[in-house]
Amino acid sequence: MGSRATIFLSCLVFVMILQANALQVGYYKCPTKCPDAESIVQGVVESYVRKDPGLGAGLIRMFFHDCFVRGCDASVLLDNSTSNPNTEKNSIANNPSLRGFEVIDAAKEALESACPGKVSCADIVAFAARDASYILGKISYDIPSGRYDGKISNSTEALLSLPPPFFNLTQLIGIFAKNNLSVVDMVTLSGAHSIGRSHCSSFTSRLYPTIDPTMDQDFALFLRSKCPDTSSTTNAVDGVVPQDFVTPNKFDSQYYDNVKALKALFFSDWSLLTSPETLQLVNDYSTVPGLFEESFGKSMVNMGNLGLLDETEGEIRKSCRAVNY
């Protein structure tokens with residue numbers, strides 16, 4: 001009897017939270033929702049990421065790329081359609097570099113089989129990023145859920161909303177502040193550059209025609225061997241390299257060591273050294289064991305609160321690739 005009363009009260013709390021348009025850790029635990037939702041997503045993510053760690057990096061990046069455009073509403077997952085003829089997925093900021101869509105599809109299929117119409121694609125993206133962070137780096141945090149899926153996706157908005165790799169510190173701080181995220185969040189979330197790959201085109205402006213003095217010269221010469229100058233070549237192949245050559249398949253604080261050594265790929269990475277506040281954070285994450293991992297979870301939760309929709313504005317999609325109508 002007591003157990004039933006506890007469950008009933010928990011579900012009442014969830015309803016009140018839903019009405020307040022807020023998120024809740026364990027939102028799907030209510031029996032009327034989908035109690036096994038998070039474990040189902042975790043199982044799917046693990047099956048993919050154990051085989052291909054790069055997919056884990058893609059899932060972490062996907063959460064960022066979703067939340068920075070219209071908020072965390074799974075708009076990054078939508079395919080082109082009559083209502084959305086040119087979606088975020090096709091923006092130069094996402095195509096062809098963003099990975100992991102097949103993982104989200106598999107998780108959604110499993111969830112629809114277990115709990116039809118209950119779990120939003122936006123929450124799947126949030127869960128998947130959390131699970132990938134743990135699989136790749138033992139970074140553990142609780143991510144609140146209860147998001148709704150958006151109905152609009154526009155490639156131009158993605159290009160205008162996502163920070164490019166050539167941004168300086170002032171521009172980075174500005175675009176994060178626009179999303180109510182702090183300087184600490186910005187430096188912390190940049191640590192995701194410790195995992196995954198980058199296309200050469202994102203940083204070759206630092207290699208050619210001359211080497212950027214803000215990059216370690218030997219490292220730049222090494223990158224030139226991986227990324228030839230294609231500026232005068234028609235239909236050249238855009239090469240791919242690890243973002244972190246030291247621990248390429250481990251999500252850790254090595255990124256900050258790379259930044260300090262001038263061995264990070266992007267100009268935006270180097271820019272973290274250009275103010276006392278951000279430099280101190282880089283040093284702290286590089287030297288204090290466990291600090292980055294703890295901070296990363298907090299900043300992911302902060303980012304996960306961006307642009308929340310309510311049930312009148314959003315929906316729970318049947319397919320993550322298409323709106324319901």
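**Notes on the rings and pockets**

1. Let's start with one residue: phenylalanine 292 has a relative accessibility of 0%, so it counts as buried, the cut-off being under 20%. Keep in mind that this is a predicted model.

2. Who sits beside that ring? The centres of tyrosine 285 and phenylalanine 292 are 5.9 Å apart. Their planes meet at 70 degrees, so this pair is edge-to-face, a label that needs an angle over 60. Tyrosine 285 is buried too, with 3% relative accessible area.

3. A quick reminder on how to read such numbers: two aromatic rings are described by how far apart their centres are and by the angle between their planes.

4. How many aromatic pairs does the structure hold? The count is 17. One of them joins tyrosine 255 and tyrosine 256, with 4.9 Å from centre to centre and 75 degrees between the planes, which is edge-to-face again. Both tyrosine 255 and tyrosine 256 are buried.

5. These rings are worth viewing together. Phe251, Tyr255, Tyr256, Tyr285, Phe292 and Phe296 are linked by ring pairs into a cluster. Try colouring that group in your viewer.

6. Now for a charge over a ring. Lysine 89 lies over the face of phenylalanine 101, and the distance to the ring centre is 4.5 Å.

7. On to the pockets. The largest pocket holds about 1,200 Å³ of space. Its lining is made up of 45 residues, and those closest to the centre are Arg61, His65, Ala93, Ser97 and Ser202.

8. Which element gives the most residues to this lining? That is H3, with seven. Other elements that give two or more include helix H6 (155–161), helix H7 (169–178), helix H8 (183–189) and strand E1 (197–199). Helix H11 (267–270) and helix H13 (291–303) are on the list as well.

9. What is the chemical make-up of the lining of the largest pocket? There are 26 nonpolar residues, 14 polar ones and five charged ones.

10. The second largest pocket has about 180 Å³ of space. It is lined by 14 residues, and nearest its centre you'll find Ser201, Thr204, Pro228, Asp229 and Thr230. Sorted by type, the lining of this second largest pocket has five nonpolar, six polar and three charged residues.

Key: Residues are numbered from 1 along each chain as its sequence is written. This is a predicted model: local features need pLDDT of at least 70, side-chain atom pairs count only at pLDDT 80 or more; totals for chains, interfaces and linings use all residues. Side-chain values use heavy atoms; hydrogens and water are left out. Rings of Phe, Tyr and Trp (its six-membered ring) pair if their centres lie within 6.5 Å; planes under 30 degrees apart count as stacked, over 60 as edge-to-face and the rest as tilted. Buried means under 20% relative accessible area, exposed over 50%, partly exposed in between (1.4 Å probe, protein chains only). A charge sits over a ring if NZ of Lys or CZ of Arg is within 6 Å of the ring centre and within 35 degrees of the ring normal. On a 1 Å grid over the protein atoms alone, a cavity is a set of points where a 1.4 Å probe fits but cannot get out, and a pocket is an open set with protein on both sides within 12 Å along at least five of seven lines; lining residues have an atom within 4 Å of a point. Grid points are joined across faces, edges and corners, and a volume is the space filled by probe spheres set on the points. Helices (H or I, at least four residues) and strands (E, at least two) are DSSP runs, numbered from the N terminus. Ala, Val, Leu, Ile, Met, Phe, Trp, Tyr, Cys and Pro count as nonpolar, Asp, Glu, Lys and Arg as charged, and the others, Gly among them, as polar.
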